[in-house]
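Student: I would like to learn how to read strands, helices and hollow spaces in a protein model. Could we go through them one at a time?

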Amino acid sequence: MRSSGLLLLNFLFFSPILTGLEAKGAFVGTYGINYGRIADNIPSPDKVVLLLKQAKIRNVRIYDADHTVLQAFSGTGLDLVVGLPNGFLKEMSSNADHALTWVKDNVQSFLPNTRIRGIAVGNEVLGGGDSELSGALLGAAKNVYNALKKMNLEETVQITTAHSQAVFADSYPPSSCVFKENVVQFMKPLLEFFDQIGSPFCLNAYPFLAYTYNPTQIDINYALFKPTEGIYDPKTNLRYDNMLDAQIDAAYMALEDAGFKEMEVMITETGWASKGDSDEPAATPENARTYNYNLRKRLAKKKGTPLRPKMVLKAYIFALFNENSKPGKSSETHFGLYKPDGTISYDIGFNSLKSDAPFSSSKLASCYVALVISISVFLVMI
């Protein structure tokens, strides 16, 4: 009885929830979610934690380093990538001390209880037309990385930056893809740095947008992972039955052309809107359900793309919630797997947030510790 009790205690004290086990890289498994918060009606971070744990989604990206979110994730075992917004890049690039302070305040001070596994330095900077911002990206990434190194965190927290498809000159067929001439001057040194520190190439890829802009040239079944003839790339002799794989392999070809054949491509955003404006007729709940359901099945297979079959695809889905305060077209506010009240937007296998859940994550942690103490007392008595 006593030995079995000690085994139970070992399990309780050394489970991932309590120890904050270290792991190289920012992504465990293949499926993650973007937790955007440009809204005034979404659940509190504590309730979001419950929803994520209920859905068994471990990999989460946010677009800043909001302390209420970081605190809510403390002790949960969820892996978090925080964002350094574009507005900070010039300052972080020109002042290493500011980068050091930012990392101390927003990363180091929350470790190890909050499992911060990555820092996304900027978002969709290159190809956006702001040459000053593009020029600051590499310096900011280096200063943030050097700050991590001073704190001995460079093996725990990974540095990345996400790119839009605006960095590519052409992506059809995939074998033709190269980086735009005005992007190469910034992209090449950035890739050299990321290659040195072992970071992936992060891509925001949206078959929804590609189809919306070219509905007469693209088969919607090809965009939705539904049965279709697909496309054939004569240069590589490869056939693609879905657009996302083709977009990823286009990125691999651009990397190969730039001299980085071995770099991994990771999807940091992909999704499908469930509602849109009149010129976005493909933004329907049924199409959004089809894309996200089929994408979830595709990621669960843990396979690569036609060009890189052994490089298992990892993707963060966009997004957790519909965000009612996002600017732009109606589609921008309707990418969520969940509605603001925690109910599902459509069924892809997840459940709604249980409104009668009696505990916040902090209360659950307190009860967990109380359970451990009770068992300890019991074991001493027997």
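Tutor: Let us start with strand pairing, bearing in mind that this is a predicted model. Strands β11 and β12 run parallel and are joined by 2 bridges, and at one position Thr270 stands opposite Ile317 in β12.

Student: Which strand pairs with β11 over 4 bridges?

Tutor: That partner is strand β8, residues 201-204, and the pairing is again in the parallel sense. To see it in the model, look for Phe201, which stands opposite Val265 in β11.

Student: Is β11 mostly covered or mostly open, and how would I judge that?

Tutor: One judges it residue by residue, calling a residue buried when its relative accessible area is under 20%. In β11, 6 of its 6 residues are buried, and the strand is therefore described as mostly covered.

Student: What links β11 to β12 in terms of a β-α-β unit?

Tutor: In such a unit one follows the path from a strand over a helix to a second strand, and the hand is called right when, with the strands pointing away from the viewer, that path runs clockwise. Here β11, helix α12 (residues 285-300) and β12 make a right-handed unit of this kind.

Student: Which other strand is joined to β12 by 3 bridges?

Tutor: It is β1, residues 31-34, which runs parallel to β12, and here Ile33 stands opposite Ile317. Strand β1 is also joined by 3 bridges to β2, residues 59-61, once more in parallel, with Asn59 in β2 as the bridge partner of Gly32.

Student: Which way do the residues of β1 point, and are they buried or exposed?

Tutor: Tyr31 and Ile33 point one way from the strand, while Gly32 and Asn34 point the other way, and all of them are buried.

Student: Which helix makes a β-α-β unit with β1 and β2?

Tutor: That helix is α3, residues 45-55, and the unit it makes with β1 and β2 is right-handed. The buried residues of α3 are Pro45, Val48, Val49, Leu50, Leu51, Leu52 and Ala55. After α3 comes Lys56, whose phi is positive, near 60 degrees.

Student: Now for the hollow spaces: how many cavities of 30 Å³ or more does the count give?

Tutor: A cavity is a space where a probe fits but cannot get out. The count comes to 1 cavity of 30 Å³ or more, and the largest cavity holds about 80 Å³ of space. Its lining is made by 13 residues, of which Ala26, Val81, Thr160, Cys202 and Met266 lie nearest the centre. The elements that give two or more residues to this lining are β4 (115-123), β5 (158-163) and β11 (265-270), and the largest share, 3 residues, comes from β4. By class, the lining of this cavity has 8 nonpolar, 4 polar and 1 charged residues.

Student: How much space lies in the largest pocket?

Tutor: A pocket, unlike a cavity, is an open set of points. About 1200 Å³ of space lies in the largest pocket. Of the 44 residues that line this pocket, Gln165, Tyr206, Leu209, Ala210 and Gln247 are the closest to its centre. Two or more lining residues come from each of β6 (168-170), α9 (207-213) and α11 (243-258).

Student: How many residues of each class are in the lining of the largest pocket?

Tutor: The lining of the largest pocket has 20 nonpolar, 13 polar and 11 charged residues.

Notes:
Residues numbered from 1 in each chain as written. Predicted model: local features only at pLDDT ≥ 70, side-chain atom pairs only at ≥ 80, totals over all residues. Heavy atoms only, no water. 1 Å grid on protein atoms, 1.4 Å probe; cavity = no way out; pocket = protein on both sides within 12 Å on 5 of 7 lines; lining within 4 Å. Points joined across faces, edges and corners; volume = space filled by probe spheres on them. Nonpolar A, V, L, I, M, F, W, Y, C, P; charged D, E, K, R; others polar. Buried < 20%, exposed > 50% of the residue type's maximum accessible area, 1.4 Å probe, protein only. Pairing = 2+ DSSP bridges.
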